[in-house]
Amino acid sequence: MSDAVGEAQRRLVEDAMRGVAERHDWVLHAINVRPNHVHVVLTAFCSPWHAMAVLKAWATRRLREAGLLPEERRLWSRHGSTRDLWTEQAVMATVEYTENAQDDPAAVLAWWHRMPLAHARGSDVACLTPVAVPASTPQ
């Protein structure tokens, strides 16, 4: 499959996730759809796991509707990673990481060690959610 179609998938995933956040009145601070995963920083009034499930479901639905993902193809990893961000500084650092540090391994490692581990569920928090997205669909 061509790179253009891979890019089309990434744009559709981003658009779907932006739409979901808007429909649920979640604050989408940052999103970065990478070739094989997605980073999302959002404030959601539900558990991070619920938000992640809803984002994955709608992105999958939109990809299938557009014919960019066959019905038999599994898109997402079973789990994902979430972090509760309890301060404005943590949210701002994670937005910076999500938008600007993806290709800098040292910045990724530095960010990861600065962020607290998740402690609570169901809070009004921002969460970082990497999940697997294929760069392309097999022909």
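**View 1. Asn32 has His39 as its bridge partner in strand E2.** Ala30 is likewise paired across the hairpin, its bridge partner in E2 being Val41. Strand E1 (residues 27-33) and E2 run antiparallel and are joined by 6 bridges; two strands pair if DSSP finds at least two bridges between them. A hairpin is formed by E1 and E2, with 4 residues between them. Helices (H or I, at least four residues) and strands (E, at least two) are DSSP runs numbered from the N terminus. This is a predicted model, in which local features need pLDDT of at least 70 and side-chain atom pairs count only at pLDDT 80 or more, while totals for chains, interfaces and linings use all residues. Residues are numbered from 1 along each chain as its sequence is written, and side-chain values use heavy atoms, with hydrogens and water left out.

**View 2. Strand E2 (residues 38-44) is mostly covered.** Of its 7 residues, 7 are buried, meaning under 20% relative accessible area (exposed is over 50%, partly exposed in between; 1.4 Å probe, protein chains only). Val38, Val40, Leu42 and Ala44 point one way from E2, and His39, Val41 and Thr43 point the other way.

**View 3. The largest nonpolar core has 22 residues.** Such a core is a set of buried Ala, Val, Leu, Ile, Met, Phe, Trp, Tyr and Cys residues joined through side-chain atoms within 4.5 Å. Val13, Met17, Trp26 and Val38 have the most contacts inside the largest core. Helix H1 (3-23), E1, E2 and helix H2 (48-65) each give two or more residues to this core. A second, separate core of 6 residues includes Ala30, Leu85, Ala90 and Val95.

**View 4. Helix H3 covers residues 88-100.** Its 13 residues should span 18 Å at 1.5 Å a residue (1.5 Å times one less than the number of residues), and the end C-alpha atoms are 18 Å apart, which agrees. Buried residues of H3 are Ala90, Val91, Ala93, Thr94, Val95, Tyr97 and Thr98.

**View 5. The charged end of Arg23 sits over the ring of Trp58.** Arg23 is 4.8 Å from the ring centre. Arg61 also lies over the face of Trp58, at 4.3 Å from the ring centre. A charge sits over a ring if NZ of Lys or CZ of Arg is within 6 Å of the ring centre and within 35 degrees of the ring normal.
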